Amino acid sequence: MERTRWYKDAVFYQIWPRSFCDGNGDGIGDLWGVLEKLDYIASLGVTGIWFSPLYPSPNADFGYDIADYRSINPEYGDIDVFRRVLDGAHERGLKVIMDLVVNHTSSEHSWFKESRSSKDSPYHDYYIWRTGGERAGVPIPPNNWDSLFEGRAWEYEPALDEWYLHIFAKGQPDLNMDNPCVRAEVEEILRFWLDLGVDGFREDVITFTSKAEGLPDDYLMVSGARGLRFYENGPRLHEFLAQFRDNVLVHYDCMTVGEAPMITPSKALPFIEEGPNQTLDLMFHFEHMGADCLFTDYVPLPFSLRRLKAAFDRWQHKLDGRAWNALYLENHDHPRIVSRYGSEAFREKSAMMLACSYLFQKGTPFVYQGQEIGMVNTRFSTIGEVPDVSAKNQYAKRIAAGDTPEKAMELVNRAARDHARTPMQWSDEAHAGFCPADVEPWFAENPNYLEINVARDEMDPNSVLNFYRKAIRLRRALPVVREGSYRAYKRASGVLYVYAREMADERLLVLCSFADHDVRFRVPKGYGLEEGALELCNYESEGITLPMGGRVTFRPYECRVYRFGKA
Ligand code: NOJ
């Protein structure tokens with residue numbers, strides 16, 4: 001099968017199904033809702049959908065704890081309605097990629113139930129079980145690893161006198177990918193969905209599937225210094241991925257995007273560099289998501305545009321000509337980008353500017369549900385209002401460390417993933433039009449839906465939604481966005497992000513202000529703005545100033561995209 005690398009021309013829309021659209025009136029988003037919205041999705045100009053997990057799950061981590069890999073969560077539909085969604089998407093020219101979560105399963109998966117039932121079960125070795133130690137008659141875990149979501153990374157099973165590993169929640173035991181039977185299962189899962197017609201996979205924390213040999217104590221925790229995390233990027237990762245590629249993926253014209261927290265370009269390249277050794281098409285890294293926090297540790301930092309730009313530049317340069325970037329600013333794991341890197345006071349302008357800051361980079365962009373209308377963070381008063389296991393864990397840690405509930409909630413309000421998981425705001429009707437008026441949605445909608453919603457943006461040619469449409473259309477129309485080289489200007493500026501995309505007969509200049517005030521600056525040499533065609537600007541209806549003596553003034557969060565070259 002020839003692999004066409006179609007993903008290089010793609011723009012993806014990510015759906016977190018529980019909060020997208022409730023089609024059967026029970027307050028939970030589902031595939032019937034997606035069916036209703038396929039035309040809307042296609043109208044954005046995107047060419048693909050990534051579904052966060054749709055599989056049966058007890059929702060310890062809202063679908064990222066899978067209880068059955070070959071079926072659909074009854075809350076969301078069934079295989080038949082999934083087929084209708086898939087066909088409907090394909091009819092509209094939209095590819096569909098599934099979330100593949102094989103670092104761990106749910107503790108409710110039949111494999112795990114078998115695994116914990118006896119050391120003699122053939123499924124016992126599907127998971128990572130170890131004996132621990134004992135101190136003063138109390139069992140102690142096999143090593144010092146902390147879970148990212150819930151206490152220690154080990155859970156004791158008294159009947160077996162063994163501990164199982166869970167890097168995430170207790171209900172998410174890690175699979176033992178060293179076991180060839182587990183890898184054979186993964187192959188079967190891949191084949192099942194590819195044969196059904198899906199076009200690829202987003203592979204959840206794929207770099208965690210190989211751990212350091214012997215599971216040594218975590219150096220980070222021992223030294224407190226920057227160092228290694230032994231539960232990721234282990235010695236067999238490449239081998240595992242090569243097996244999935246050779247036995248399954250090469251037989252389909254599909255794509256894979258691996259999720260890789262903590263990865264750097266040099267650690268990513270061995271997997272994504274094009275050539276015979278490539279094992280993943282794309283990689284989601286997190287480096288640009290740390291411009292205002294240390295994500296996994298919930299440590300807020302002041303926003304730094306320089307840090308953001310440095311991450312953008314690093315990935316654009318290091319991958320150029322060797323591998324392809326995955327571009328995103330939002331997904332279901334981070335608070336809303338306008339609230340983080342933009343400004344709620346200049347919501348619409350900053351939402352549009354942020355779109356330009358990444359949509360014209362080299363790579364394949366992903367847009368997350370609600371991002372295209374500039375949705376912003378919500379406000380939680382008490383931890384009881386917050387569904388996510390990770391937020392609850394961070395809250396409990398802060399309280400244990402002596403914070404008041406108010407102080408701990410400040411942190412949750414700053415960092416919770418739940419901000420991205422409030423119901424999609426379709427209209428100003430009850431519950432934001434997400435579900436029927438007389439039904440309680442599974443998670444409270446953001447009260448700002450009266451102003452921020454799709455229906456309102458549809459009516460306004462200058463809305464965030466219509467800006468995204470224009471930007472996506474422009475990106476797809478211009479070969480320079482796919483092929484051109486990337487060059488950053490104004491690298492030292494703390495308020496401007498300016499980059500160019502350049503090829504022989506066409507160039508693009510993208511200018512973005514991250515300031516909440518006017519900024520006067522000199523345009524980069526060789527780019528006389530009066531000679532370029534202004535393709536996009538977020539102040540379109542309000543008059544544009546042209547440079548005077550090479551200098552131009554940008555209003556708060558102004559952005560412009562100029563095209564030079566071919567008429
Ligand atoms: C990454 C996913 O994006 C996140 O939502 C999930 O909680 C963890 N992996 C564990 O599966």
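Guide: Welcome! In this model, a helix is a DSSP run of H or I with at least four residues, a strand is a run of E with at least two, and both are numbered from the N terminus. Arg520, for example, is found in strand β19, residues 519-522.

Visitor: How do you know which residue is number 520, and what kind of model is this?

Guide: Residues are numbered from 1 along each chain as its sequence is written, and side-chain values use heavy atoms, with hydrogens and water left out. The model is predicted, so local features need pLDDT of at least 70 and side-chain atom pairs count only at pLDDT 80 or more, while totals for chains, interfaces and linings use all residues.

Visitor: Why is Arg520 called partly exposed?

Guide: Buried means under 20% relative accessible area, exposed means over 50%, and partly exposed is in between (1.4 Å probe, protein chains only). The relative accessible area of Arg520 is 47%, which lies between 20% and 50%, so the name partly exposed fits.

Visitor: What makes Arg520 part of a patch of positive charge?

Guide: Lys and Arg count as positive, Asp and Glu as negative, and His and the chain ends are not counted. A patch is made of residues with over 30% relative accessible area and no salt bridge, with like charges joined within 9 Å; nonpolar side chains (Val, Leu, Ile, Met, Phe, Trp, Tyr) are joined within 5 Å. Each charge is placed at NZ of Lys, CZ of Arg, CG of Asp or CD of Glu. Arg520 gathers on the surface with Arg522, Lys525 and Arg551, and its 47% is over 30%, so Arg520 passes the area test.

Visitor: What makes Asp39 and Arg92 a salt bridge?

Guide: A salt bridge needs a side-chain nitrogen of Lys or Arg within 4 Å of a carboxyl oxygen of Asp or Glu. For Asp39 and Arg92 the N to O distance is 2.7 Å, which is within 4 Å, so the pair counts. Asp39 lies in helix α1 (residues 31-43) and Arg92 in the loop between α2 (79-91) and β3 (95-100), so the pair ties together parts that are 53 residues apart in sequence.

Visitor: How many salt bridges does the structure hold?

Guide: The count is 39. One of them joins Arg202 and Asp204, with 2.7 Å from N to O.

Visitor: Why are Arg202 and Asp204 called buried?

Guide: Arg202 has a relative accessible area of 0% and Asp204 has 6%. Both values are under 20%, so both residues count as buried.

Visitor: How do you know that Glu458 and Arg469 form a salt bridge?

Guide: Their closest N and O atoms are 3.0 Å apart, which is within 4 Å, so the pair qualifies. Glu458 lies in helix α13 and Arg469 in helix α14 (residues 464-477), so the salt bridge ties together parts 11 residues apart in sequence. Glu458 is partly exposed at 37%, whereas Arg469 is buried at 11%.

Visitor: What makes Asp61, Asp333, Asp388, Arg417 and Arg421 one network?

Guide: Salt bridges that share partners join these residues.

Visitor: How many disulfides does a search of the whole structure find?

Guide: Zero. A disulfide is a covalent bond between the sulfur atoms of two cysteines, and here a pair of cysteine sulfur atoms must be within 2.5 Å. For Cys356 the nearest cysteine sulfur is that of Cys559, 3.7 Å away, which is not within 2.5 Å, so the two are not called a disulfide.

Visitor: Is Cys356 buried or exposed?

Guide: Cys356 has 0% relative accessibility, under 20%, so it counts as buried. Cys254 is buried too, at 3%.

Visitor: What makes the phi values of Met262 and His431 worth a look?

Guide: Phi of Met262 is positive, about 75 degrees, although Met262 is not a glycine. Phi of His431 is also positive, near 55 degrees, and His431 is a residue other than glycine. Met262 is found in the loop between β10 (255-259) and α7 (265-272), and at 28% it counts as partly exposed. His431 sits in the loop between α12 and α13 and is buried, at 10%.

How values were computed: Areas by Shrake-Rupley, 256 points an atom, 1.4 Å probe, with all protein chains shown as cover.
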